[in-house]
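Visitor: I've got a structure open and I'd like to learn how to read it. Could you walk me through it?

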Amino acid sequence: MLSTVLSAGVRGVDGFAIEVEADIAPGMPNMAVVGLADTEIKEAKERVISAVRNSGLEFPLKRITVNLSPADIKKSGTGLDLPIAVSILAASGQLNAAALDGLKNFVFVGELGLDGSLRPCAGVLPMLAVLGGRTAVVPPANAGEAALARVNAVAPKNLAELAGFLNGEINLEKIPPADFEAGTQEYFYDFSEVKSQPVAKRALEIAAAGGHNILMIGLPGTGKSMLAKRFPSILPPLTHDEALEITKIYSVSNLLGGERFLSARPFRDPHHTISDIALIGGGASPKPGEVSLSHNGILFLDEFAEFGRNVLEVLREPMETGVVSIARARERVSYPARFTLIAAMNPCPCGNHGHPHKQCTCTPVMINRYRSKISGPLLDRIDLTVNLNPVEFKDWEKKAEGETSAQIRERVIKARGAQAVRFKNSPTRANAFMSSREIKDFCPLPPGGGEVLEAAMRKLGLSARSLDKILKTARTIADLEGAENISKMHIMEVLQYRPLDRKGVADV
Amino acid sequence: MINENEKLARIKLNAFTYLRTDWAERMIEVFGSASEILKSDAKTLAARGGMSEKTAAELLREAHALDAEKEVELTRAAGGDILFLGEENYPKKLGEIKDPPFVLYYRGTLAAAGPKVAMVGTRLITPYGRRCAEKFASEITRCGAVVVSGLARGVDSVCHKAAVELGKPTWAVVGTGIGRCYPAENKNLAGAIIENGGAIISELPFSKPPHAFHFPRRNRIISALAGVVVIIEGKERSGALITARLAAEQGKDVMAVPGNIDSLQSGGTNKLIRDGAAALLDTKDIIDFIPYEERFGLDVSWLDKEDKKEFDNLTQQEKQFLDFIKDGEVTADDIVEGLKMPVQEAAAALFEMEIKGVLACIDGKYSKNKF
């Protein structure tokens with residue numbers, strides 16, 4: 001007897017439909033899975049056999065062929081355990097006629113334990129996109145994703161329960177669609193704990209308001225990591241769409257712990273020994289890298305200059321386009337990667353350059369080499385650079401009286417609101433991602449601004465290429481102020497956050 | 001007149017690391033010419049030159065290893081020439097010292113008119129040293145003098161740059177061959193010096209790399225070329241102080257910029273003043289020390305006009321900034337906290353002052369750019 005059950009797989013962060021066909025024919029007891037299945041699916045048959053038996057159901061001792069269609073796309077993941085088991089139950093006549101009729105109204109996804117229980121699997125959220133009005137059957141641990149996707153879904157605890165449900169013997173509660181709750185976030189760290197460093201705080205506020213990338217340069221112990229850790233607390237809360245996007249990526253990477261979906265902006269801080277593939281994503285069967293895992297959130301790279309040069313260079317493409325395309329011989333996938341980069345580095349290899357009391361032991365050549373590790377094209381994509389200076393005892397001793405994160409966040413949300421209005425007819429979401437056309441439209445040069453920029457180019461040796469990023473950042477400052485247009489003051493402030501001179505130390 | 005073959009031989013002879021000019025001149029008397037010296041073997045040379053056979057062999061090896069024709073070709077291609085001691089066009093002042101360069105390479109032109117003023121100092125320049133160097137170098141250049149320095153980091157570079165920015169010639173005596181640039185970051189500056197009618201000068205073979213002992217030796221050329229030697233900043237033991245000592249030995253006037261007694265980099269200059277060097281307080285002091293016969297053509301009239309307008313048209317806020325910065329280095333953070341003003345306001349004002357040239361910003365630290 002033949003049966004067909006619907007399931008789904010995932011490619012990149014997009015789901016695609018899979019039909020699981022099972023045919024049971026007389027012959028030597030045997031089970032074959034065909035249709036470009038990966039190792040974990042080949043192993044599925046062992047899990048399915050035990051799960052069916054241990055659920056009080058019968059596993060037919062016949063010749064069983066399972067086909068995964070479309071047969072020319074490689075499939076991986078453990079989510080096909082459940083549809084294979086259901087297809088065998090259907091083909092072996094263990095479901096009643098009504099159940100067989102209704103089978104096409106369900107899409108099954110889930111991993112099976114040997115006892116027949118449903119276990120979580122990766123990529124459920126993107127798979128739910130292929131439902132088309134059908135009801136999803138997902139493991140209980142993935143119920144949060146179904147709730148976020150607002151689809152019809154049930155989450156049986158085990159195979160026996162599912163069989164009962166399909167046969168109409170028991171009723172399963174539909175998973176209620178969850179409204180994404182934002183703004184209830186509790187942050188462990190607060191900006192008011194950071195003493196001194198007013199310029200860096202201001203720069204981070206601008207970065208948060210416009211989605212700008214930022215580079216912090218400072219001596220060890222000046223609070224670079226401290227500031228970066230507090231950055232999420234001044235970001236605006238996630239919107240439902242943004243939450244969906246990042247939950248998809250985390251779902252594909254199987255990093256969604258427990259029953260929850262992602263409600264906070266991701267903060268990723270990979271160590272500087274990370275490989276380029278781990279950062280950008282890839283592998284024989286491509287997986288999202290750190291840049292995608294920090295989509296709609298923050299990628300914090302501490303000791304920026306210590307990262308491998310090839311590792312840093314791969315950042316350029318996603319920083320420009322917000323997407324990573326990974327091409328392998330078998331397949332080509334793309335993952336979203338629109339993150340805010342926070343980079344931190346020391347001013348020199350020994351870390352003491354410019355310290356008021358300590359002696360730097362680096363030669364000018366060493367310092368230049370260190371700073372040159374951040375290539376020009378990469379620096380061009382970083383809108384803000386700040387220097388952090390050691391905090392003196394008299395400042396440290398003072399009680400923290402800085403603004404709280406909530407106060408700053410309020411201003412950031414206001415500025416983002418202005419941007420939402422500005423970009424309502426555009427795929428752009430924040431000032432940092434404006435196209436050159438949008439820069440022309442929304443960032444007209446203020447009176448006197450031309451002279452300032454001209455003087456900056458002459459005196460500070462700025463390239464014409466950096467003018468765009470100055471205008472983008474000035475736009476954000478104007479938004480923070482609630483100003484209609486950029487003013488000369490805004491541009492002059494941006495110029496304060498310019499990168500370190502390459503020949504900095506050796507400069508005369 | 002020295003014929004071409006003899007010139008090539010002298011270029012070869014000059015390649016010997018430890019060549020002393022007085023010894024070379026005597027040997028030319030003894031052998032008849034430099035070509036004859038190079039034709040002899042180590043044993044003869046050792047016997048007649050009063051040196052060990054080993055040294056003589058080393059001299060001959062180094063001399064023969066250098067391709068003199070290539071040297072001439074490279075120097076000409078780089079837009080320069082090679083001068084020989086005793087020739088007409090060899091700088092007269094240089095020929096007068098005890099140990100003049102046997103052979104002198106240069107790029108650019110030595111035609112720059114006006115008195116030559118040597119200005120040297122530490123490589124580890126302080127904001128104070130930077131201000132002084134910039135002020136004195138640009139003012140003396142505007143008067144019509146030519147600044148002679150060493151193209152090193154710090155004070156030397158600031159002095160050269162000040163002249164180049166005015167579009168005036170300046171001479172750089174370097175501690176490498178003229179075909180090299182040390183430190184490498186001064187490549188553009190070296191180019192600008194030549195463009196503005198200045199010169200890069202060296203006694204070393206064209207492609208000689210830098211070596212520690214080249215630098216104290218080239219200092220004697222700096223002081224010899226100039227009529228007066230100005231030390232901007234320097235520790236008690238420093239190259240600048242070596243230049244001062246050599247200048248005094250050559251009978252030149254030495255001037256030093258006084259500094260705080262607790263400033264390490266002013267230790268050398270203060271000591272010089274205590275030991276009898278003239279304290280340099282004003283550009284006119286330099287003019288007074290320029291030998292009388294060289295003063296022709298100097299234009300000092302504008303010095304009296306007091307070029308201090310820049311500080312008159314400062315806003316109230318900018319004056320407040322300057323009061324706060326005083327003579328030190330201050331970060332934007334310090335200003336924001338010290339003056340209790342919003343970051344955006346301070347940032348804009350700092351930028352404006354930097355563009356005006358009132359403040360200098362180095363590695364995020366602001367200091368006064370002028371007096």
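Guide: We'll go through domains, sheets, helices and cavities in turn. Keep in mind that this is a predicted model.

Visitor: Let's start with domains. Which domains is chain B divided into?

Guide: Bounds like these come from an automatic or database assignment. For chain B you get domain 1 (1-66), domain 2 (108-305) and domain 3 (309-368). If you take C-alpha centres, domain 1 of chain B and domain 3 of chain B are 60 Å apart.

Visitor: And what does the domain assignment of chain A give?

Guide: Chain A has domain 1 (2-166) and domain 2 (191-411). Their C-alpha centres are separated by 41 Å. A centre distance doesn't tell you about touching, though, and here there is contact: 20 residues of domain 1 of chain A meet 19 residues of domain 2 of chain A.

Visitor: Now sheets. How do I read the order of the 9 strands in chain B?

Guide: Read the order as neighbours in space, with the numbers giving the place along the chain. In chain B the order is β1-β2-β6-β5-β4-β3-β7-β8-β9, in an open sheet with mixed pairing. At the edges you find β1 (80-84) and β9 (278-279) of chain B, each pairing on one side only.

Visitor: In which sense do β3 and β7 of chain B pair?

Guide: Parallel: β3 (residues 116-120) and β7 (residues 228-231) of chain B are joined over 4 bridges. To find your place on screen, look for B:Met119, which stands opposite B:Val230 in β7(B).

Visitor: Which helices should I look at around that sheet?

Guide: Try two of them. Helix α1 (residues 4-13) of chain B packs on the sheet and touches β1 and β2 (103-108) of chain B, with its direction at about 90° to that of β1(B). Helix α9 (residues 155-165) of chain B lies across β3, β4 (146-149) and β5 (170-173) of chain B, at about 155° to β5(B).

Visitor: There's also a sheet of 3 strands in chain B; what is its order?

Guide: That one is open and antiparallel, ordered β10-β12-β11 in chain B. Since β10 (330-331) and β11 (359-362) of chain B each have a single partner strand, one side of each is left without a neighbour in the sheet. Between β11(B) and β12 (residues 365-368) of chain B there are 4 bridges, and B:Ala360 has B:Ser367 as its bridge partner in β12(B).

Visitor: Which helix lies across β10, β11 and β12 of chain B?

Guide: That's α16 (residues 316-325) of chain B, running at about 100° to β12(B). Helix α18 (residues 343-356) of chain B lies across β11 and β12 of chain B, at about 105° to β11(B).

Visitor: Last topic: how many cavities of 30 Å³ or more does the structure hold?

Guide: There are 5. For any cavity, ask about its volume, then its lining. The largest has about 230 Å³ of space and 21 lining residues, with B:Phe16, B:Thr17, B:Glu203, B:Leu204 and B:Arg217 nearest its centre. Helix α11 (residues 214-225) of chain B supplies the largest share of that lining, 5 residues. Domain 1 (1-66) and domain 2 (108-305) of chain B each give at least three residues to it. By class, the lining has 11 nonpolar, 5 polar and 5 charged residues.

Visitor: What is the volume of the second largest cavity?

Guide: About 170 Å³. Its lining has 13 residues, and A:Arg265, A:Asn296, A:Thr340, A:Arg416 and A:Phe433 are the closest to its centre. That lining divides into 4 nonpolar, 4 polar and 5 charged residues.

How values were computed:
Residues are numbered from 1 along each chain as its sequence is written. Chains are lettered from A and ligands numbered from 1 in the order in which they are written. This is a predicted model: local features need pLDDT of at least 70, side-chain atom pairs count only at pLDDT 80 or more; totals for chains, interfaces and linings use all residues. Side-chain values use heavy atoms; hydrogens and water are left out. On a 1 Å grid over the protein atoms alone, a cavity is a set of points where a 1.4 Å probe fits but cannot get out, and a pocket is an open set with protein on both sides within 12 Å along at least five of seven lines; lining residues have an atom within 4 Å of a point. Grid points are joined across faces, edges and corners, and a volume is the space filled by probe spheres set on the points. Helices (H or I, at least four residues) and strands (E, at least two) are DSSP runs, numbered from the N terminus. Ala, Val, Leu, Ile, Met, Phe, Trp, Tyr, Cys and Pro count as nonpolar, Asp, Glu, Lys and Arg as charged, and the others, Gly among them, as polar. Two strands pair if DSSP finds at least two bridges between them. Contact means heavy atoms within 4.5 Å. Axes are lines fitted to C-alpha atoms, for helices over the stretch in contact, and angles run from 0 to 180 degrees between N-to-C directions.
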